[in-house]
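Got the viewer open? Here's a short tour of selections to make, one stop after another.

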Amino acid sequence: MPELPEVETSLRGIAPHLRGRRIVRLVARQRRLRWPVPETVDAAVAGQPVESLSRRAKYLLLHLPRGALILHLGMSGSLRVLPATTPAGAHDHIDLVLDDGRCLRLRDPRRFGSLHWAEPPIAAHPLLARLGPEPLSPGFDGAHLFRLSRDSRAPVKNFIMDSHVVVGVGNIYASEALHRAGIHPHRPAGRIALARHERLATSIKTVLAAAIAQGGTSLRDFVQEDGAPGYFAQALKVYGRAGLPCPGCGEPVRQQRIGQRSSFYCPRCQH
DNA sequence: CCGGACGCCTGTCGGC
DNA sequence: TGCCGACAGGCGTCCG
């Protein structure tokens, strides 16, 4: 589910409610997520103030005085800020109870999300250490894609979903960015010229920024911190639109599995 | 080193 | 109506 825009939306939604607040305690109803949540996390966060929040790739970071909580939403995770007394649903696994009577609640039906405790230097944590550049940063551009792809025979869709290449691009936005750039998702990344990689990098930035502006894409599970859905689903050009006309040329959108994931593209617009 | 396949989970949907 | 397989915003790991 959550790709970069959904994680960024979650960050912007929860940050005002958490910044400066103290975490009273962590309540874990289910510790078996993508990785087990160690009980040592509970003691590390109890009584600590949240100094700031940030995002790296699809990870949310809550910075405390002695380290950071690293939170990943997996495929089906979402975060709400609620009164701590709100009854927990079946998939409400973790609460961070705050000192204002509310809590940050993680819901994750599929349990592919995860929660970690990292001590400084945070960026050296194994989950963060080897990540590629942020797509919305100046350090990510067509020259970067071009350089990294020269020896790659992987389909360009897989290439841009590789977190060593660029972070945050998941299955929805990979299809959308490639459509916008006019590049066929199956084309080997190493057989794309610099000018087209520049167009691709720009498309990735444009699509992600537009999705953030709409609060992300809600297909099933994703909601913003106040429970509202993201509204970018109505702006999707190809994802989930197999058989429907391409908004650019009217040709029916095609669906094909690439690297175990459904991919959507226009056979006329994308080469 | 690379690319591709496989699990990890639960819920939902389409076909029979 | 019920059952069963396929599939769903991710990603670490294993295998050839």
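A quick bit of vocabulary before we start: a crossing is right-handed if the near helix is turned clockwise from the far one by less than a right angle, and left-handed if it is turned anticlockwise. Keep in mind, too, that what you're looking at is a predicted model.

**Stop 1: α1 on α7**

Select helix α1, residues 4-18, together with α7. The two axes cross at roughly 40° and come within 9 Å, and the crossing is right-handed. To see what touches, show Leu4, Pro5, Glu8, Thr9 and Arg12 on the α1 side, and Leu208, Ala211 and Ile212 on the α7 side. Color that contact by class and you'll get five nonpolar residues, one polar and two charged.

**Stop 2: α6 on α7**

Keep α7 and add helix α6, residues 171-181. Here the axes sit 8 Å apart, at an angle of about 125°, which makes α6 oblique to α7. Which hand does the crossing of α6 and α7 have, left or right? It's right-handed. From α6, the contact takes in Tyr173, Glu176, Ala177, Leu178, Arg180 and Ala181. From α7, pick residues including Leu200, Ile204, Val207, Leu208 and Ala211. Sorted by class, this contact of α6 with α7 holds nine nonpolar, two polar and three charged residues.

**Stop 3: α4 on α7**

Now swap in helix α4, residues 142-149, against α7, residues 194-213. The packing angle is about 125° and the axes are 7 Å apart, so α4 and α7 are oblique to each other. α4 passes α7 in a right-handed crossing. Gly142, Ala143, Leu145, Phe146 and Ser149 of α4 meet Leu194, His197, Glu198, Leu200 and Ala201 of α7. That contact of α4 with α7 breaks down into six nonpolar residues, three polar and one charged.

**Stop 4: DNA strand B**

Leave the helices and select the 13 residues around DNA strand B. The ones that come nearest are His91, Arg110, Arg111, Ser152 and Gln260. By class, the surface near the strand has four nonpolar, four polar and five charged residues. What share of the strand's atoms within 4 Å of the protein belongs to sugar or phosphate? It's 65%, and the rest belong to bases.

Three distances are good to draw here:

- Arg110: a polar side-chain atom lies 3.0 Å from a base oxygen of DNA strand B.
- Arg111: a polar side-chain atom lies 2.7 Å from a phosphate oxygen of DNA strand B.
- Arg153: a polar backbone atom is 3.2 Å from a phosphate oxygen of DNA strand B.

Technical notes:
Residues numbered from 1 in each chain as written. Chains lettered and ligands numbered in written order. Predicted model: local features only at pLDDT ≥ 70, side-chain atom pairs only at ≥ 80, totals over all residues. Heavy atoms only, no water. Axes fitted to C-alpha atoms, helices over the stretch in contact; angles between N-to-C directions. Helix = DSSP H or I, 4+ residues; strand = E, 2+ residues; numbered from the N terminus. Parallel < 35°, antiparallel > 145°, perpendicular 65-115°, else oblique. Contact = heavy atoms within 4.5 Å. Nonpolar A, V, L, I, M, F, W, Y, C, P; charged D, E, K, R; others polar. Near = heavy atom within 4 Å. Polar contact = N/O pair within 3.5 Å; in protein donor to acceptor, adjacent residues only side chain to side chain.
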